[in-house]
Amino acid sequence: MVMDVLSYGIGTLIGFVLLLAVVFVFLSDVTQKKHAVLRSYPVIGHLRYFFEQLGEYFRQYFFAGDREEMPFNRATRGWVYRLAKNEGGTIGFGSTYNLREPGALIFVNHPFPVLEEERLPTPSLRLGEGYAKEPFEARSIVNISGMSYGAISAPAVRSLSRGAALAGCWLDTGEGGLSPYHIEGECDIVMQIGTAKYGVRSSDGQLSAERLIELGRFVSAFEIKLSQGAKPGKGGVLPAGKVTAEIAQIRGIEEGMDSISPNRHRDIGNVNELLDKVTWIRELTGRPVGVKTAIGGWRFMNELADAILRRGLACAPDFLVVDGGEGGSGAAPQALADHMGLSIDEALPRVIDVLFEAGIRERIRVVASGKLLSPARAAWALCVGADFINTARGFLFSLGCIQALRCHTNTCPTGVATHNKRLQRALVVEEKYVRVANYANNMNREIDMIAHSCGVRHARELRREHVRVVQASGQSMALNMQFPYPEAKPRAAR
Ligand SMILES: Cc1cc2nc3c(=O)[nH]c(=O)nc-3n(C[C@H](O)[C@H](O)[C@H](O)COP(=O)(O)O)c2cc1C
């Protein structure tokens with residue numbers, strides 16, 4: 001009897017202590033600011049970190065390898081997280097990267113790499129120099145690709161804006177218009193003009209000259225979006241559940257209804273109309289104007305180059321953003337996401353070559369995007385000939401994204417792509433904006449490190465001969481052999 005009472009008492013005490021421990025963990029989880037998952041899922045969220053740690057030891061028996069997940073494998077995500085947390089890109093024991101897999105990148109190490117005192121800072125480049133009244137001096141190689149306020153949350157946009165200001169990179173608004181959150185950090189802003197013209201349209205849905213002039217006072221450049229790699233031929237899609245009153249007001253649409261942009265700009269139906277629009281916006285606002293597009297074949301680029309040569313350099317876009325078919329999206333039809341548009345690996349070399357051949361490479365700056373979120377992939381794009389790198393999902397990871405693939409459902413567990421206030425608590429702007437800046441800075445730094453190992457003084461000196469790509473045979477081929485630099489041809493010979 002006494003024993004029964006005693007064991008009952010001990011059981012109750014243990015239960016009480018356990019309950020206290022759970023309450024304590026719960027309270028410390030919801031109040032801490034570093035881990036998004038724990039803020040959204042207190043106590044139970046620890047399982048993620050537990051399994052993540054166990055994975056280090058057991059993954060070779062039970063789980064997919066380091067390099068097997070899509071769209072981004074664990075090794076790549078881990079790299080980005082470390083860059084964002086300023087933990088360096090250092091690994092131990094050895095690489096899990098397979099140097100024999102087709103597509104693997106191998107940079108050409110120089111026998112006598114550049115010494116610290118021989119290195120040069122990577123120079124900034126001016127967009128629209130000599131053509132726009134107010135050229136834009138772009139300082140960072142790596143920049144934040146367009147993601148609309150709507151697709152991502154207010155705390156996400158605020159962190160990106162403040163992080164961009166700290167790192168000195170630009171923030172592209174995406175096609176959802178300019179929100180107060182974009183301007184919070186006072187960073188350089190590239191204002192995207194999507195097919196629905198959100199943020200720059202008049203009450204009847206036309207491109208508004210007054211609005212452009214107004215915006216031109218504080219954005220650094222405009223970008224006409226023809227398409228994005230994840231869904232060429234389809235305009236932006238914001239599911240009804242994400243169209244809050246505020247987003248509806250910024251876009252000039254109805255709250256709680258699907259926000260679907262037209263497939264293309266109604267006022268831009270061919271290359272000539274595109275160049276007309278570029279010139280008009282640049283003259284009206286004084287700002288550089290670029291074009292963002294996915295590439296399906298070579299016709300568009302050939303027609304663009306021909307039209308620029310025929311009409312004169314003044315009508316050319318100041319920059320071209322080439323988005324690979326592997327690009328991400330807040331919401332895209334699978335048919336287009338899986339099967340439409342060339343990968344950046346195929347599109348970028350040909351785009352650069354067309355510009356070289358036409359002798360207009362210096363006139364048009366090239367920005368590349370499409371899974372270029374590691375220093376190595378970004379350095380590859382520079383070797384091909386890009387001037388800048390845009391990444392969207394690299395910066396999402398820096399905000400704490402865990403690749404839950406739920407951007408379109410308004411249930412993002414880390415508060416990045418949801419307007420649910422409870423889930424948004426997970427994303428603490430004060431913490432995350434620093435990670436955004438760290439990621440941009442460390443990307444730039446590690447790209448430079450690759451350049452120095454290749455024997456050049458800074459990232460802008462990287463050339464095709466500095467990288468080799470592994471072919472189906474398992475042997476690598478220098479990029480300048482795979483895609484030889486073309487000669488600039490006289491116009492008549494084209
Ligand atoms: C959540 C999300 C929203 C996006 N919204 C836009 C957009 O509004 N306009 C646009 O041109 N691209 C948009 N994109 C595409 C990105 O800007 C980028 O071109 C593409 O994801 C490739 O870069 P990444 O592979 O580094 O993510 C979006 C991508 C994501 C992931």
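This briefing covers the domains, the ligand shell and two helix pairs of one structure. The model is predicted. The domain assignment splits the chain into domain 1 (1-58) and domain 2 (125-493). A ligand is present, with 30 residues around it. Two helix pairs are described: helix 5 with helix 15, and helix 9 with helix 11.

**Domains**

- Domain 1 spans 1-58, and domain 2 spans 125-493, according to the domain assignment.
- The C-alpha centres of domain 1 and domain 2 are 44 Å apart.
- The two domains touch: domain 1 gives 7 residues to the contact, and domain 2 gives 12 residues.
- On the domain 1 side, 3 of the touching residues are nonpolar, 1 is polar and 3 are charged.

**Ligand shell**

- The residues that come nearest to the ligand are S145, G174, G327, G328 and T391, out of 30 around it.
- By class, the shell holds 17 polar, 7 nonpolar and 6 charged residues.

**Helix 5 and helix 15**

- Helix 5 covers residues 154-167, and helix 15 covers residues 429-453.
- Their axes lie 7 Å apart and meet at an angle of about 45°.
- Angles from 35 to 65 degrees fall in the oblique class, so helix 5 is oblique to helix 15.
- The crossing of these two helices is right-handed.
- Helix 5 brings P155, R158, S159, L160, R162, G163, A164, L166 and A167 to the contact.
- Helix 15 answers with V429, K432, Y433, V436, A437, A440 and N441.
- The contact of helix 5 with helix 15 counts 10 nonpolar, 3 polar and 3 charged residues.

**Helix 9 and helix 11**

- Helix 9 runs over residues 299-311, and helix 11 over residues 344-358.
- Their axes come within 10 Å and cross at roughly 25°.
- Angles under 35 degrees count as roughly parallel, so helix 9 is roughly parallel to helix 11.
- Helix 9 passes helix 11 in a right-handed crossing.
- From helix 9, the contact takes M301, N302, A305 and L309.
- These meet R350, V351, V354, L355 and A358 of helix 11.
- This contact has 7 nonpolar residues, along with 1 polar and 1 charged.

Conventions:
Residues numbered from 1 in each chain as written. Predicted model: local features only at pLDDT ≥ 70, side-chain atom pairs only at ≥ 80, totals over all residues. Near = placed C-beta within 6 Å. Nonpolar A, V, L, I, M, F, W, Y, C, P; charged D, E, K, R; others polar. Axes fitted to C-alpha atoms, helices over the stretch in contact; angles between N-to-C directions. Helix = DSSP H or I, 4+ residues; strand = E, 2+ residues; numbered from the N terminus. Parallel < 35°, antiparallel > 145°, perpendicular 65-115°, else oblique. Left-handed = near helix turned anticlockwise from the far one by under 90°. Domains from an automatic or database assignment.
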